Amino acid sequence: MFFAPNVRTTRFAPRAYDRAFERFASEAFAGAHRSPLVEQDDKSWTLSLDVPGFAREDLAIGIEGAVVRIDSKAEAKRQFKAAYELPLDIDVTTSEAKLENGVLTLKLGKRVPVSQAAQLQIN
């Protein structure tokens, strides 16, 4: 079966172009924090994000499963919000965060998956 999408054209620029421009402009003016530098080894990931102008007290970091969320607090002068999903769950007990010279560095421990497999006795 052949499927061809229905494409509408108008005299004006399609909304997709408007959204693409908005996305480009917001990423260009928001800074490089949208694309963190990610490194990994056997036990952890290291994410480095540019967050110039923020103090330690301005940011909140939340971890749920394999997702890390970074938000600015309500009383911060600027607003920041980002979320990143990693391939494995994050071990909070071995994770740490450091803010130095406008660069937020997160060292996130990898949680070792535990097998839930059980052996069944054959009668």
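How many aromatic pairs does a search of the whole structure find? Just one. Keep in mind as you look around that this is a predicted model.

The partners in that pair are F54 and F80. Their ring centres lie 5.9 Å apart and the planes meet at 70°, so this is an edge-to-face pair; the label applies to planes over 60 degrees apart. Now trace where the two residues come from. F54 belongs to the loop between β2 (44-50) and β3 (59-64), while F80 belongs to the loop between β4 and β5 (81-85), so the pair ties together parts that are 26 residues apart in sequence.

Are these two rings' residues buried or exposed? F54 has a relative accessible area of 9%, so it is buried. F80 comes out at 6% relative accessibility, so it counts as buried too. The cut-off for that word is under 20%.

From here, hop over to S72, which has both F54 and F80 among its contacts. You'll find S72 in strand β4, which covers residues 67-72. With 11% relative accessibility, S72 also counts as buried. Leaving aside neighbours within four places in sequence, S72 is in contact with D58, L59, R78 and Q79 as well as the two phenylalanines, F54 and F80. Take a look at Q79 in that group: its side chain and that of S72 are joined by a polar contact of 3.2 Å.

One last stop involves another ring, that of W45. Here the charged end of K110 sits over the ring, 5.2 Å from its centre.

Notes: Residues numbered from 1 in each chain as written. Predicted model: local features only at pLDDT ≥ 70, side-chain atom pairs only at ≥ 80, totals over all residues. Heavy atoms only, no water. Helix = DSSP H or I, 4+ residues; strand = E, 2+ residues; numbered from the N terminus. Buried < 20%, exposed > 50% of the residue type's maximum accessible area, 1.4 Å probe, protein only. Polar contact = N/O pair within 3.5 Å; in protein donor to acceptor, adjacent residues only side chain to side chain. Contact = heavy atoms within 4.5 Å. Phe/Tyr/Trp six-rings, centres within 6.5 Å; stacked < 30°, edge-to-face > 60°. Lys NZ or Arg CZ within 6 Å of the ring centre and 35° of its normal.
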